[in-house]
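Subject: Structure handover

Hello,

Here is the structure I said I would pass on. My notes on its side-chain contacts follow below it.

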Amino acid sequence: MEDILIPSKKHTLKLTFAEAFHPSKLNIRADHWYFTYKLSLLDNSLEFGKWFTGRFWKLKGDDIIVFEEYFNENFDAKPIEYDNDVALQLFLIDFQRNATARFSHFQGGQFEVLELTEDDRIIYQKKLHYQTSEFEVNLDSLKFESFDSII
């Protein structure tokens with residue numbers, strides 16, 4: 001698979017495909033494959049931590065990008081047998097703050113980020129087995145980690 005390039009106002013990010021896996025105790029079906037990516041700056045000078053699904057949403061122009069990130073620390077430590085073994089969270093990069101934040105752990109489904117409101121609330125959904133729940137989080141309530149010194 002080819003890299004996914006994600007241009008923003010300040011930097012170009014890159015999702016690099018690592019591998020695909022299927023829960024071991026489910027019959028092989030197209031809608032049960034999971035893809036893992038590494039996220040970095042285009043020049044690889046900074047890698048953003050863990051494994052990512054490849055799904056992302058741009059907010060506030062290109063100043064904020066939210067990625068769906070695997071919460072599973074190590075896929076080899078506890079094998080993925082069923083869809084519910086896959087845990088996700090949201091990983092936010094804010095280029096105005098030069099910082100990142102993680103929020104909203106979720107087991108066995110997927111996220112959909114809808115919008116960033118004018119009062120800086122992120123509206124997002126969690127989808128699991130044809131049920132959808134809507135949530136919101138204020139940007140100021142997130143714990144940001146700066147990456148100023150790196151880029």
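In this predicted model, R55 and E68 are joined side chain to side chain by a salt bridge, with an N to O distance of 3.1 Å. The two residues come from distant parts of the chain: R55 sits in strand β4 (residues 52–59) and E68 in strand β5 (residues 64–70), 13 residues apart. R55 is partly exposed, at 26% relative accessibility. E68, in contrast, has a relative accessible area of 2% and is buried, since anything under 20% counts as buried. The pair also belongs to a wider arrangement, as R55, E68 and E112 are linked in a network of salt bridges. The structure holds 11 salt bridges.

R121 is worth a separate look, as it appears in two of the salt bridges described here. One partner is D119, with the side chains meeting at 3.1 Å, N to O. The other is E136, where the closest N and O atoms are 2.8 Å apart. R121 lies in strand β9 (residues 121–128) and E136 in strand β10 (residues 131–138), so this contact ties together parts of the chain that are 15 residues apart in sequence. How accessible are these residues? R121 has a relative accessible area of 23% and is partly exposed. D119 is partly exposed too, at 45%, and E136 is partly exposed at 48%. Each of these values falls in the partly exposed class because that class runs between the buried limit of 20% and the exposed limit of 50%.

Next, the aromatic side chains. The count comes to 14 aromatic pairs. One of them is F52 with F91, an edge-to-face pair with 5.5 Å from centre to centre and 65° between the planes. F52 is in strand β4 and F91 in strand β6 (residues 87–94), so the pair connects parts that are 39 residues apart in sequence. Both rings belong to buried residues: F52 has a relative accessible area of 0% and F91 one of 1%. Ring pairs also join F52 and F91 to F48, F56, F67, F95 and F147 in a cluster. Strand β4 therefore contributes to both kinds of contact, with R55 in the salt bridge to E68 and F52 in the ring pair with F91.

Two lysines are placed over aromatic rings. K38 lies over the face of W51, at 4.0 Å from the ring centre. K126 lies over the face of F135, and there the distance to the ring centre is 4.7 Å.

Last, the surface. Which residues form a nonpolar patch there? They are M1, I28, W33 and F35, and together they have about 440 Å² of accessible area. M1 is found in the segment before β1 (4–7). M1 has a relative accessible area of 65% and is exposed, because the limit for that class is over 50%.

If you open the model, these are the places I would show on screen: R55 with E68 and E112, R121 with D119 and E136, the phenylalanine cluster that includes F52 and F91, and the patch with M1.

Regards

Definitions and conventions. Residues numbered from 1 in each chain as written. Predicted model: local features only at pLDDT ≥ 70, side-chain atom pairs only at ≥ 80, totals over all residues. Heavy atoms only, no water. Patch = residues over 30% accessible without salt bridge, like charges linked within 9 Å, V, L, I, M, F, W, Y side chains within 5 Å. Areas by Shrake-Rupley, 256 points an atom, 1.4 Å probe, with all protein chains shown as cover. Salt bridge = Lys/Arg side-chain N within 4 Å of Asp/Glu carboxyl O. Helix = DSSP H or I, 4+ residues; strand = E, 2+ residues; numbered from the N terminus. Buried < 20%, exposed > 50% of the residue type's maximum accessible area, 1.4 Å probe, protein only. Phe/Tyr/Trp six-rings, centres within 6.5 Å; stacked < 30°, edge-to-face > 60°. Lys NZ or Arg CZ within 6 Å of the ring centre and 35° of its normal.
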